[in-house]
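Hi there,

Here is the structure I promised to pass on. Have a look at it first, and then read on for what turned up in it.

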Amino acid sequence: MIQPAMRRAEPVISEEDFARFREFFYRKTGIMFADNKRYFVDKRLRERMAACNLPAFRDYFNLARFQANGAELQHLVNAMTVNETYFYREEYQFRCLVESILPEVTRGRRHGETVRIWTIPCSTGEEAYSIAFYLLDHWPRVDDFSIEIIASDIDTQVLEQAKRGVYGERALQYLPKATIARYMNRVGEGVFQVVPEIRNSIMFVQANLSDALSTSRFRGFDVVFCRNLLIYFDDISRREAAETIFEALDPGGFVCLGHSESMSRVSSLFSVRKFPAAIVYQKPE
């Protein structure tokens, strides 16, 4: 049995350390941790300090800030970001996509032209695959167009999970069994993997919505799904994110936010569109 005196003391993270880290992380990601997240932040910082064998906060913080290849900063981002999602989450927006948005977007387009959809943050891939499944099952014109789905996240670990496309029962609980049977293979007890044809059709790529350089290559989208991300931002970061999405969309393109988020409170760049299944936002023509 390990006696209390033999246990290694936990690294000390002072109020000043927490404040400095919070400001640094905010500048890098746009995510602002409230005071009530102190336990969450300290726990993950200590885990990273232990992994790097740097028990002093100052040494670890210098590594995260100044490491030339940015590897530890990426580990930190992966540790600090929340990736809670599941298939067909807020399914009514997918219904809106096939019943209202895509018919409007593709009006006048020729057979074989491209429809581009960007999902950010994509987390472990459930949203991107949900869009693909829903289009295949519910959009009568799915074969008339070349559909590109690009899925992005700031967290490189979840992107690797997304590429593998392996999910357990909790992630699949709202997905119809017939859809699972059509588009997934059973790889274990209660574990399924998206079929290769769909996995390989979606491009998973890292992007930081708070970094203009990181998102400058994302242009020409018809629809952007950016759900349940802005709730982690402060007002300044929300406005910057809205401007990034605005630049990424083609004129007339649409953005879908989470049910508790509103673009109207963030930016005047977009028009509100009220469709039967959902309220979304549109970049003016």
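Let's start with a charged pair: the side chains of arginine 38 and glutamate 15 meet in a salt bridge, 3.1 Å from N to O. Arginine 38 sits in helix H2 and glutamate 15 in helix H1 (residues 15-29), so this pair ties together parts that are 23 residues apart in sequence. Before going further, keep in mind that this is a predicted model.

Are the two partners buried or exposed? Arginine 38 has 17% relative accessibility, so it counts as buried, the cut-off being under 20%. Glutamate 15, at 60%, counts as exposed, because that takes over 50%. There is also a third member to look for: salt bridges that share partners join Glu15, Arg38 and Asp42 into one network.

**More salt bridges**

How many salt bridges does the count come to? It comes to 17. As background, side chains of opposite charge can pair when their charged atoms come close.

Another one to find on screen is between glutamate 148 and arginine 116, at 2.9 Å from N to O. This pair links distant parts of the chain: glutamate 148 is in strand E2 (residues 146-153) and arginine 116 is in strand E1, 32 residues apart. Glutamate 148 is partly exposed, with a relative accessible area of 32%, and arginine 116 counts as partly exposed too, at 22%.

Then try glutamate 189 and arginine 186, which form a salt bridge with their closest N and O atoms 3.0 Å apart. Both glutamate 189 and arginine 186 are exposed.

**The inside**

Now for the nonpolar side chains. The largest nonpolar core has 47 residues, and those with the most contacts inside it are Ile101, Phe133 and Met184. Apart from it lies another core, of 44 residues, among them Ile150, Leu229, Leu249 and Leu257.

What does isoleucine 101 touch? Leaving out residues up to four places away in sequence, isoleucine 101 is in contact with Cys96, Val223, Phe254, Cys256, Phe275 and Val280.

Isoleucine 131 is another good one to click on. You'll find isoleucine 131 in helix H6 (residues 126-138), and its relative accessibility is 0%, so it counts as buried. Again not counting residues up to four places away in sequence, isoleucine 131 touches Phe94, Leu97, Ile117, Ile149 and Phe225. If you want to try out the distance tool, the C-alpha atoms of isoleucine 131 and glutamine 193 are separated by 16 Å, with the two residues 62 apart along the chain.

Phe225 leads us on to the strands, as phenylalanine 225 stands opposite cysteine 256 in strand E8. Strand E7 (residues 221-226) and E8 run parallel, and five bridges join them. E8 itself (residues 249-257) is mostly covered: seven of its nine residues are buried.

**A patch on the outside**

Which residues make a nonpolar patch on the surface? Val82, Ile231 and Tyr232 do, and the patch covers about 260 Å². Valine 82 belongs to the loop between helix H4 (71-80) and helix H5 (92-105). With a relative accessible area of 49%, valine 82 is partly exposed.

**Some backbone oddities**

A bit of background first: most residues other than glycine have a negative phi, and most peptide bonds are trans. With that in mind, look at these spots:

- The peptide bond from isoleucine 120 to proline 121 is cis, with omega near 0°. Proline 121 is in the loop between strand E1 (114-119) and H6.
- Asparagine 53 isn't a glycine, yet it has a positive phi of about 55°. Its place is in the loop between helix H2 (38-51) and helix H3 (57-66), and asparagine 53 is exposed, with a relative accessible area of 59%.
- Glutamate 90 isn't a glycine either, and it has a positive phi of about 50°. You'll find glutamate 90 in the loop between H4 and H5, where it counts as buried at 13% relative accessibility.

If you'd like a place to begin, rotate the model until you can see the salt bridge between arginine 38 and glutamate 15, then move on to Ile101 in the largest nonpolar core.

Cheers

Definitions and conventions: Residues numbered from 1 in each chain as written. Predicted model: local features only at pLDDT ≥ 70, side-chain atom pairs only at ≥ 80, totals over all residues. Heavy atoms only, no water. Core = buried A, V, L, I, M, F, W, Y, C linked by side-chain atoms within 4.5 Å. Buried < 20%, exposed > 50% of the residue type's maximum accessible area, 1.4 Å probe, protein only. Contact = heavy atoms within 4.5 Å. Patch = residues over 30% accessible without salt bridge, like charges linked within 9 Å, V, L, I, M, F, W, Y side chains within 5 Å. Areas by Shrake-Rupley, 256 points an atom, 1.4 Å probe, with all protein chains shown as cover. Salt bridge = Lys/Arg side-chain N within 4 Å of Asp/Glu carboxyl O. Helix = DSSP H or I, 4+ residues; strand = E, 2+ residues; numbered from the N terminus. Pairing = 2+ DSSP bridges.
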